Amino acid sequence: MKLNIIRDPGCREAEVTLRHAPGDPTARRLARCLNQFSLILDGWDEEECCRVSAREILYLETVDRKTFLYLEGKVLRSRESLAALERRLEGTAFARVSKNCLLNTDRLRSVRALLNHRMEATMENGEKILVARTYLQNLRDKIRG
C-alpha cells in the first residue's frame, strides 16, 4: 500500500481519497474506519445534548422502546430508533447482533461460542453481549472485513 500525507497550512478541512483495486480487503477496512471517524451521533444526558463520534460508542441497544448509546463509563439516550441508527452506521464497524442491539466491532475484545449456536461478545470495557444465532453471520462478516 502506498501512503501520501500532505500537510497544507492553508487547508481548512482534512480530505482523504482512497484509491484501491476492487475487492481489496485492506481498503474496505480502512474505508470503514474512515467512515466511522467522520460520523457524529447525538446522545442525550438528561436534557443536555452530547455530540459523540461513532468510534467512541461500544454498542447501541433498545430497551422498552428507548435507544441508548453505551460509551466507556457513560450511557446516553438517542432520539433516533435503532433501525434509523443502523442505516446511518452502514459502512462502519457496527454490526447487528440481536433484534435490539448493534455493537462496534472495533471495540470488541473477544467472542466465544455458547450452546445453541449463540456467541458471547466481550467489549473493551468488559461488558458481555449475547449474539443471537440469526445474527452470527453479520458479526462474522464485519470481523472479517
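Here is a short conversation about exposure, salt bridges and a surface patch in this predicted model.

Me: Why is Ser98 called buried or exposed?
Reply: Buried means under 20% relative accessible area. Ser98 has 11%, so Ser98 is buried. You will find Ser98 in strand β6, residues 94–98.

Me: Which residues is Ser98 in contact with, leaving aside neighbours within four places in sequence?
Reply: Those are Leu130, Ala132 and Tyr135.

Me: What makes the approach of the Ser98 side chain to the backbone nitrogen of Cys101 a polar contact?
Reply: The two come to 3.3 Å, and a polar contact asks for N or O atoms within 3.5 Å. The distance therefore fits that cut-off.

Me: Happy with that. Why is the pair of Arg96 and Glu86 called a salt bridge?
Reply: The cut-off is 4 Å between a side-chain nitrogen of Lys or Arg and a carboxyl oxygen of Asp or Glu. For Arg96 and Glu86 the closest N and O atoms are 2.9 Å apart, so the pair qualifies. The pair links distant parts of the chain, with Arg96 in strand β6 and Glu86 in helix α2 (residues 82–88), ten residues apart.

Me: How do you know whether Arg96 is buried or exposed?
Reply: Arg96 has 13% relative accessibility and therefore counts as buried, the limit being under 20%. Glu86, at 31%, is partly exposed, because partly exposed covers values between the buried and exposed limits.

Me: What about Arg51 and Asp42: what makes Arg51 exposed and Asp42 partly exposed?
Reply: Exposed means over 50%. Arg51 reaches 59%, so Arg51 counts as exposed, while Asp42, at 31%, is partly exposed. Arg51 and Asp42 form a salt bridge too, with the closest N and O atoms 2.9 Å apart.

Me: And how are Arg112 and Glu120 classed, buried or partly exposed?
Reply: Arg112 has a relative accessible area of 47% and is partly exposed, whereas Glu120, at 13%, is buried. Their side chains meet in a salt bridge at 2.9 Å, N to O.

Me: How many salt bridges does the structure hold?
Reply: There are six. Glu72, Arg107 and Glu124 are linked in a network of salt bridges.

Me: One last thing: what makes Val16 fit for a nonpolar surface patch?
Reply: Patch residues need over 30% relative accessible area. Val16 has 57% and so counts as exposed. Together with Met1, Leu18, Leu30 and Leu34, Val16 makes a nonpolar patch of about 470 Å². Val16 lies in the segment before α1 (25–38).

Definitions and conventions: Residues are numbered from 1 along each chain as its sequence is written. This is a predicted model: local features need pLDDT of at least 70, side-chain atom pairs count only at pLDDT 80 or more; totals for chains, interfaces and linings use all residues. Side-chain values use heavy atoms; hydrogens and water are left out. Patches are made of residues with over 30% relative accessible area and no salt bridge: like charges are joined within 9 Å, nonpolar side chains (Val, Leu, Ile, Met, Phe, Trp, Tyr) within 5 Å. Accessible areas come from the Shrake-Rupley method with a 1.4 Å probe; for residues, only the protein chains shown count as cover. Helices (H or I, at least four residues) and strands (E, at least two) are DSSP runs, numbered from the N terminus. Buried means under 20% relative accessible area, exposed over 50%, partly exposed in between (1.4 Å probe, protein chains only). A polar contact is a pair of N or O atoms within 3.5 Å; within protein, one must be able to donate a hydrogen and the other to accept it, and residues adjacent in sequence count only if both atoms are side-chain atoms. Contact means heavy atoms within 4.5 Å.
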